[in-house]
Amino acid sequence: MTEMLFPRRVLAGGVALFTLAVVIALTALTDGAMRPLPASAPAAEFSAERALRHLERFADRPRPIGSPASTRARAYLIGQLRAAGLDVRVQRAVGANSSTGLASFGLTHDIVATKRGTDSSGTVLIAAHYDSAAMGPGAADDGAAVAAVLETVRALGGERLRNDLVFLLTDGEEDGVLGARAFVREHRLGRAGGVLLNWEARGVGGPSLLFESTRGNAGLVETFARAVPEPRGDSMMVELYRMLPNNTDFAPLTEAGFTGMNFAFIEGSSRYHTADDSLAYLDPGSLQHHGANMLALARALGAAELTSLASDDDVTYFRIFGVMVTYPNALVWPLALLGLAAVAGLAAIVRRRRLASVPRILAGVVWGAVPLVLAVVLAQALWEVLVAVRPAYDGMGGLPHRPEAFRAAVAVLAWLAVLGAYLPLRRRIGPAALAVGGLAWPALLGVVCAQVAPGASFMFTLPALACALGTLVALLLPAGPRVAAVTAGASVAAALLPALAGVAFDGMGLALGGVSALALALFGLTLLPLVELCLWLERPGQVRFARVLRSGRLGLLVAAGLAVALVAGGLAFDRFDASHPGRTHLAYVMDADTRTAAWVSADLDPPAWTRTYVSARDTGHLPPGYARGALWTGPASAIDADGPRVELLSRGDGGYRLRVTPGRGARSVTLRVERPITGATAQVRGTRPVAVEVTGVRANTWPGEVRFRGLPASGAVITLRATGTGPLRVTAISETDGLTSAPGYVPRPPGLVAATREDGDLVAVTRTYRF
């Protein structure tokens with residue numbers, strides 16, 4: 001029993017596959033950002049052009065915490081919010097965070113602007129951060145959201161809303177969500193709770209996506225789906241986001257008791273945290289989408305009875321065929337089991353009609369894992385090949401500027417994995433058994449997700465259910481409409497799984513291309529009945545070439561050749577130029593104790609410009625504890641700089657109480673500690689002391705580290721708690737943004753920008769102390 005589900009109809013199968021390709025294309029075309037509105041738009045509407053005028057005023061240069069540009073941006077934002085009639089306060093506090101072996105501090109200045117409600121049932125907190133990464137002006141991250149706040153406030157004008165609207169513009173988000181942590185720790189509103197709307201960006205374009213929400217989100221998500229003009233995002237993104245090492249202000253605010261939703265646009269992520277996160281590359285449609293959603297939700301939540309939104313239930317939400325679908329998570333398990341039952345029912349019909357035996361169907365289920373694993377392996381191998389050929393890709397985090405050919409190669413490799421596993425066994429196990437076994441995998445993944453990640457279950461359950469039902473209906477129909485029934489079932493998979501692959505490409509890049517490949521391979525498994533229609537029979541007595549042609553092996557060869565061609569074409573097309581620059585890491589380091597200086601770079605393979613500064617792998621002459629990982633180095637001339645100062649105020653019970661001052665012109669100080677630290681406390685004059693616990697050790701450098709960003713010239717008192725006994729060595733590193741003051745520095749040529757590593761593009765002056 002190795003029969004096909006349906007007799008071969010090559011033309012019908014080709015039309016069906018073309019129809020599904022159209023579904024994929026239409027899904028991509030209709031899920032984009034909004035059309036930007038001009039400044040002439042009605043006053044009550046959000047206009048991207050009006051918001052861009054604000055961005056031009058404060059997002060023209062990097063504005064990291066504690067920088068002069070940050071101070072100027074803050075003054076502009078305060079002025080605009082006060083001119084709009086809001087009650088504006090600035091919270092000055094030390095923000096703190098910790099990670100493995102590291103304690104991070106920063107002097108933050110959060111802007112808190114309040115629009116009082118008429119009969120408030122709670123607070124609607126609309127949050128964005130006004131600082132940027134040190135490497136770029138942050139027009140998208142997070143300038144677009146900040147400009148959207150100003151335009152939203154203007155559009156609201158004198159509208160009288162029931163609830164208090166609080167616009168929170170945080171500082172220090174890029175250095176460990178420091179401002180948000182300071183807000184929830186010290187501001188009364190930070191501890192009062194309410195509904196949170198947080199706005200972010202991880203690219204320079206694309207639609208504004210609802211990618212994260214708190215538990216018990218039923219009321220919030222339904223409000224979102226009803227209120228905003230073009231809702232985008234799905235509950236699967238929540239599960240994907242949890243796989244990433246990213247963090248936003250959403251985390252500390254929701255940990256403090258807020259319920260809420262987190263929004264971002266993520267396309268064009270090769271420019272994220274670089275000099276190209278600028279007005280020149282920001283998509284105005286993304287700004288429009290952010291702002292239109294913000295304004296609509298401000299009005300809807302501002303008028304709502306906020307207590308009625310509280311819920312113990314989550315909802316699954318996603319967009320399909322242009323419609324936003326939501327349903328309670330109470331349906332996740334029934335749907336997952338229904339999808340599994342539909343596949344089991346299909347297997348029973350296939351067995352009853354003697355198209356496949358039970359052992360063959362079980363073999364088909366086992367076989368289904370092979371193309372999934374193979375697709376992931378091939379995609380990750382492709383990334384290793386790309387990095388080997390072009391090491392600069394490694395520093396881009398898997399996010400080339402023009403990845404289309406590489407993404408297409410991943411898709412071809414996923415298809416190759418499915419066909420490569422299918423064709424050799426289609427006669428031994430049988431097409432029907434393999435088709436049923438392939439559908440079992442999305443059904444099984446839907447059940448697994450129902451248990452561990454309910455918001456993601458729909459992505460697998462609905463394609464399995466629709467495909468199984470479509471195939472079951474086709475088996476009961478006369479020959480004519482069978483292909484149409486199978487195509488209708490597969491259209492659900494076509495609308496969901498390729499879109500998942502696209503989001504994974506945008507969010508995770510080619511470095512985790514296996515995630516996208518897995519989604520595409522799952523989609524391939526759902527298409528096996530239609531693929532089988534397109535395969536020609538291999539007939540006895542045919543010449544060798546004809547047998548290869550009819551068995552489909554030629555298709556495998558063509559697919560393999562296409563994948564190679566796409567990679568080669570991608571490498572030829574995606575070359576670095578002024579509009580698509582490469583990245584390079586460079587810093588100037590001087591040991592103020594010995595008056596010796598060096599250039600350092602963490603590039604795997606420094607480009608020609610960087611090689612004019614570094615030429616060797618010798619790090620022995622660098623200050624103690626400075627090196628982190630493998631570095632290239634080169635000699636440099638010393639500069640006139642005193643560097644940081646560290647004074648021991650007291651010592652006892654494993655704690656070292658230190659006064660740390662940054663030195664002339666420095667914005668920040670990093671302390672590298674020779675022994676692991678278990679905690680640290682920091683205080684700046686006029687603020688409360690803040691303590692954090694620290695576990696683990698830093699990798700590839702001294703085990704303990706303390707950072708203080710935006711350290712004022714008067715310094716801070718920092719108390720370290722370190723393990724062990726005996727003398728303790730601490731190397732203090734003062735950090736000044738930019739390299740223009742370094743002797744012999746020549747600006748980067750077009751086609752190169754600073755890498756995103758936080759210790760690059762700095763003049764670092766060190767002093768080592770023994771306590």
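A salt bridge is a side-chain nitrogen of Lys or Arg within 4 Å of a carboxyl oxygen of Asp or Glu. Keep that in mind for the close-ups below, which all show a predicted model.

**View 1. A network of salt bridges links eight residues, R628, R672, R698, E705, R707, R757, E758 and D759.** Side chains of opposite charge can pair when their charged atoms come close. Look for the pair E758 and R628, whose closest N and O atoms are 2.5 Å apart. This salt bridge joins distant parts of the chain, 130 residues apart: E758 sits in the loop between β22 (752-754) and β23, and R628 in the loop between α21 (608-611) and β13 (632-636). Are these two partners buried or exposed? E758 is partly exposed, with a relative accessible area of 36%, whereas R628 is buried at 16%.

**View 2. The largest cavity is lined by residues that include several members of that network, among them R672, E705, R707, E758 and D759.** Its volume is about 90 Å³, and the model holds three cavities of 30 Å³ or more. Besides those network residues, the lining includes Y626, T670, R709, I733, E735, L762 and A764. Which elements give two or more residues to this lining? They are the strands β16 (668-673), β19 (704-709), β21 (729-737) and β23 (762-770). The largest share, three residues, comes from β19. Sorted by kind, the lining has seven charged residues, four nonpolar ones and one polar one.

**View 3. D761 and R748 meet in a salt bridge between two loops.** Here the N to O distance is 2.7 Å. D761 lies in the loop between β22 and β23 and R748 in the loop between β21 and β22, so the salt bridge ties together parts that are 13 residues apart in sequence. R748 has a relative accessibility of 16%; it counts as buried because that value is under 20%.

**View 4. Another salt bridge, between E159 and R299, spans a long stretch of the chain.** In this pair, N and O are 2.6 Å apart. How many residues separate the two partners along the chain? They are 140 residues apart, with E159 in the loop between α4 (139-156) and β4 (164-170) and R299 in helix α10 (residues 284-303). Both side chains belong to partly exposed residues: the relative accessible area is 29% for E159 and 25% for R299. Across the whole model, the count comes to 30 salt bridges.

**View 5. Helices α2 (residues 48-58) and α3 (residues 68-83) cross at roughly 145°.** Their axes come within 9 Å of each other. On the α2 side, the contact is made by H54, R57 and F58, and on the α3 side by A73, Y76, L77 and Q80. What kinds of residues make up this contact? Four are nonpolar, two are polar and one is charged.

**View 6. The second largest pocket has a volume of about 860 Å³.** The lining of this pocket is made of 37 residues, and the closest to its centre are P498, A499, L500, G502 and V503. Several elements give two or more residues, including α1 (10-30), β8 (315-320), α13 (404-422) and α17 (513-526). Which element gives the most? It is α16, with eleven residues. The lining divides into 25 nonpolar, five polar and seven charged residues.

**View 7. Three places in the backbone have unusual geometry.** Most residues other than glycine have a negative phi, and most peptide bonds are trans. The peptide bond from D141 to D142 is cis, with omega near 5°, and D142 is found in helix α4. V177, in the loop between β4 and α5 (178-186), has a positive phi near 45°. R595 also has a positive phi, near 60°, and lies in the loop between β11 (587-591) and β12 (596-601). Are V177 and R595 buried or exposed? V177 counts as buried, at 1% relative accessibility, while R595 is partly exposed, with a relative accessible area of 38%.

Key:
Residues are numbered from 1 along each chain as its sequence is written. This is a predicted model: local features need pLDDT of at least 70, side-chain atom pairs count only at pLDDT 80 or more; totals for chains, interfaces and linings use all residues. Side-chain values use heavy atoms; hydrogens and water are left out. Axes are lines fitted to C-alpha atoms, for helices over the stretch in contact, and angles run from 0 to 180 degrees between N-to-C directions. Helices (H or I, at least four residues) and strands (E, at least two) are DSSP runs, numbered from the N terminus. Contact means heavy atoms within 4.5 Å. Ala, Val, Leu, Ile, Met, Phe, Trp, Tyr, Cys and Pro count as nonpolar, Asp, Glu, Lys and Arg as charged, and the others, Gly among them, as polar. On a 1 Å grid over the protein atoms alone, a cavity is a set of points where a 1.4 Å probe fits but cannot get out, and a pocket is an open set with protein on both sides within 12 Å along at least five of seven lines; lining residues have an atom within 4 Å of a point. Grid points are joined across faces, edges and corners, and a volume is the space filled by probe spheres set on the points. Buried means under 20% relative accessible area, exposed over 50%, partly exposed in between (1.4 Å probe, protein chains only).
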